[in-house]
Amino acid sequence: MNISKSLKIAIANKGATQQELSKYMGVDHNSVSRYANNTSSPTLKNLELMCEFFGVKVSEFIQLGEG
């Protein structure tokens, strides 16, 4: 499971920014940056918020990074 890769792909597909995602999630931009750089993993709650932001199921989000 590569959350970092999934996150980068989802951001690109949506045409969003890490800042927009962090604002939606209610976390600081550094948290999203750490997820994208694979130096930290999101909590289940934050993973669910990311998926809600991107309009995908958790399983779909995870599959993005496996390709």
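Biologist: What makes α2 oblique to α4?

Modeller: This is a predicted model, and the answer starts with the axes. The axes of α2 and α4 cross at roughly 120° and come within 10 Å. Roughly perpendicular covers 65 to 115 degrees, and roughly antiparallel starts over 145. An angle of roughly 120° fits neither class, so α2 is oblique to α4.

Biologist: Which hand does the crossing of α2 and α4 have?

Modeller: α2 passes α4 in a right-handed crossing.

Biologist: Which residues of α2 and α4 meet?

Modeller: From α2 come Glu20, Leu21, Tyr24 and Met25. From α4 come Asn46, Leu49, Met50, Glu52, Phe53 and Phe54. By class, this contact of α2 with α4 has 7 nonpolar, 1 polar and 2 charged residues.

Biologist: Asparagine 46 is in that list. Why is asparagine 46 called buried?

Modeller: Asparagine 46 sits in helix α4, with a relative accessibility of 11%. Buried means under 20%. The 11% value is below that cut-off, so asparagine 46 counts as buried.

Biologist: What does asparagine 46 touch?

Modeller: Leave out residues up to four places away in sequence, and asparagine 46 touches Met25, Val27 and Tyr35.

Biologist: Now to α3. Why is α2 called oblique to α3?

Modeller: Helix α2 spans residues 18–25 and helix α3 spans residues 29–36. They pack at an angle of about 120°, with axes 8 Å apart. That makes α2 oblique to α3, because 65 to 115 degrees is the roughly perpendicular range and over 145 is roughly antiparallel. The crossing of α2 past α3 is right-handed.

Biologist: Which residues of α2 and α3 meet?

Modeller: In α2, Gln18, Gln19, Leu21, Ser22 and Met25 take part. Their partners in α3 are His29, Val32, Ser33, Tyr35 and Ala36. The contact of α2 with α3 has 5 nonpolar, 5 polar and no charged residues.

Biologist: How do you know how α1 and α4 are oriented to each other?

Modeller: The axes of α1 and α4 cross at roughly 25° and come within 10 Å. Angles under 35 degrees count as roughly parallel. α1 and α4 are therefore roughly parallel to each other. Their crossing is left-handed.

Biologist: Which residues make the contact of α1 with α4?

Modeller: α1 gives Ile3, Leu7, Ala10, Ile11 and Lys14. α4 gives Leu47, Met50, Phe53 and Phe54. The class split is 8 nonpolar, no polar and 1 charged.

Biologist: Which residues touch the most other members of the largest nonpolar core?

Modeller: The core has 17 residues, and Leu7, Leu21, Met25, Leu47, Met50, Phe54 and Phe61 touch the most other members. Helices α1, α2, α3 and α4 each supply at least two residues of this core. The largest share, 6 residues, comes from α4.

Biologist: Take one of these, leucine 21. What does leucine 21 touch?

Modeller: Leucine 21 touches Leu7, Val32, Met50, Phe53 and Phe54. Residues up to four places away in sequence are not counted.

Biologist: Why is serine 6 called buried?

Modeller: Serine 6 lies in helix α1. Its relative accessible area is 0%. The limit for buried is under 20%, so serine 6 counts as buried.

Biologist: What is serine 6 in contact with?

Modeller: Leaving aside neighbours within four places in sequence, serine 6 is in contact with Phe61, Ile62, Leu64 and Gly65. Serine 6 and glutamate 66 are 60 residues apart along the chain, while their C-alpha atoms are separated by 7.8 Å.

Biologist: Is leucine 44 buried or exposed, and how do you know?

Modeller: Leucine 44 has a place in helix α4. Its relative accessibility is 58%. Exposed means over 50%, so leucine 44 counts as exposed. From C-alpha to C-alpha, leucine 44 is 9.7 Å from valine 58, with their positions 14 residues apart in sequence counted as the separation.

Biologist: Is asparagine 38 buried or exposed, and how do you know?

Modeller: Asparagine 38 is found in the loop between α3 and α4. Its relative accessibility is 53%. The cut-off for exposed is over 50%, so asparagine 38 counts as exposed.

Biologist: What is the phi of asparagine 38?

Modeller: Asparagine 38 has a positive phi of about 60°, although it is not a glycine.

Note on methods
Residues are numbered from 1 along each chain as its sequence is written. This is a predicted model: local features need pLDDT of at least 70, side-chain atom pairs count only at pLDDT 80 or more; totals for chains, interfaces and linings use all residues. Side-chain values use heavy atoms; hydrogens and water are left out. Axes are lines fitted to C-alpha atoms, for helices over the stretch in contact, and angles run from 0 to 180 degrees between N-to-C directions. Helices (H or I, at least four residues) and strands (E, at least two) are DSSP runs, numbered from the N terminus. A crossing is left-handed if the near helix is turned anticlockwise from the far one by less than a right angle, and right-handed if clockwise. Contact means heavy atoms within 4.5 Å. Ala, Val, Leu, Ile, Met, Phe, Trp, Tyr, Cys and Pro count as nonpolar, Asp, Glu, Lys and Arg as charged, and the others, Gly among them, as polar. A nonpolar core is a set of buried Ala, Val, Leu, Ile, Met, Phe, Trp, Tyr and Cys residues joined through side-chain atoms within 4.5 Å. Buried means under 20% relative accessible area, exposed over 50%, partly exposed in between (1.4 Å probe, protein chains only).
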